[in-house]
Amino acid sequence: MRTQGNELIYELNAEAVIDMVQKNGLAYIHGSGCAILKDGTWLQPEQWNIWLAHLEEMEQCE
């Protein structure tokens with residue numbers, strides 16, 4: 001986590017993003033490109049892309 005002005009900015013590493021999606025599941029993709037998980041967590045498009053890259057990697061291993 002880091003701050004920018006008075007605003008807190010949370011940075012999630014790949015492992016944290018993958019864990020969150022696995023535990024909570026996807027509810028829907030917002031029109032802004034953000035992924036909303038079933039627990040109400042919003043992932044930015046670049047964080048959601050981490051999950052998509054993980055899925056692609058898993059498919060290649062099969």
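A polar contact here is a pair of N or O atoms within 3.5 Å; within protein, one of the two must be able to donate a hydrogen and the other to accept it. Keep that in mind for Gln-47 further down. Also keep in mind that this is a predicted model.

1. **Overall layout.** The protein chain has 2 helices and 5 strands. If you walk along the sequence, the order of elements is β-β-α-β-β-β-α. Of the 62 residues in the protein chain, 24% are buried. As for long-range contacts, take the ones between residues at least 6 apart in sequence: 24% of these join residues at least 24 apart.

2. **How the helices meet.** Two packed helices are described by the angle between their axes and the distance between the axes. Here H1 covers residues 14–24 and H2 covers residues 45–61. They pack at an angle of about 80°, and their axes are 9 Å apart. An angle from 65 to 115 degrees counts as roughly perpendicular, so that is the label for H1 and H2.

3. **Who makes the helix contact.** From H1 the contributors are Ala-14, Val-17, Ile-18, Val-21 and Gln-22. On the other side, H2 brings Gln-47, Trp-48, Ile-50, Trp-51 and His-54. Sorted by character, the contact of H1 with H2 has 7 nonpolar residues, 3 polar ones and no charged ones.

4. **Gln-47.** Is this residue of H2 buried or exposed? Gln-47 has 11% relative accessibility and buried means under 20%, so Gln-47 counts as buried. Here is where the opening definition comes in: a polar atom of the Gln-47 side chain lies 2.7 Å from the backbone nitrogen of Gln-44. Gln-47 is also one of the H2 residues in the contact with H1. Its C-alpha is 6.7 Å from that of Val-17, although the two are 30 residues apart in sequence.

5. **His-54.** This is another H2 residue, and its relative accessibility is 17%, so His-54 counts as buried too. Which residues does His-54 touch once its neighbours within four places in sequence are set aside? The partners are Ile-18 and Gln-22, and both of them are on the H1 side of the helix contact.

6. **The cysteines.** With a disulfide taken as a pair of cysteine sulfur atoms within 2.5 Å, the count for this model is 0. Cys-34 is at 7% relative accessibility and therefore counts as buried. Cys-61, by contrast, has a relative accessible area of 64%; exposed means over 50%, so Cys-61 is exposed.

7. **Around Cys-34.** Cys-34 sits in the loop between strand S3 (26–29) and strand S4 (35–37). Leaving out neighbours within four places in sequence, Cys-34 is in contact with Tyr-28, Ile-29, Trp-42, Leu-43, Gln-44 and Pro-45. Gln-44 is a name to recognise, as its backbone nitrogen is the one 2.7 Å from the Gln-47 side chain. Cys-34 and Glu-46 are 12 residues apart in sequence, with a C-alpha to C-alpha distance of 8.6 Å.

8. **Gly-33, in that loop as well.** Gly-33 also lies in the loop between S3 and S4. Its relative accessibility is 27%, so Gly-33 counts as partly exposed, whereas Cys-34 counts as buried. From Gly-33 to Glu-46 the C-alpha to C-alpha distance is 9.2 Å, and the pair is 13 residues apart in sequence.

Terms used
Residues are numbered from 1 along each chain as its sequence is written. This is a predicted model: local features need pLDDT of at least 70, side-chain atom pairs count only at pLDDT 80 or more; totals for chains, interfaces and linings use all residues. Side-chain values use heavy atoms; hydrogens and water are left out. Axes are lines fitted to C-alpha atoms, for helices over the stretch in contact, and angles run from 0 to 180 degrees between N-to-C directions. Helices (H or I, at least four residues) and strands (E, at least two) are DSSP runs, numbered from the N terminus. Angles under 35 degrees count as roughly parallel, over 145 as roughly antiparallel, 65 to 115 as roughly perpendicular and the rest as oblique. Contact means heavy atoms within 4.5 Å. Ala, Val, Leu, Ile, Met, Phe, Trp, Tyr, Cys and Pro count as nonpolar, Asp, Glu, Lys and Arg as charged, and the others, Gly among them, as polar. Buried means under 20% relative accessible area, exposed over 50%, partly exposed in between (1.4 Å probe, protein chains only).
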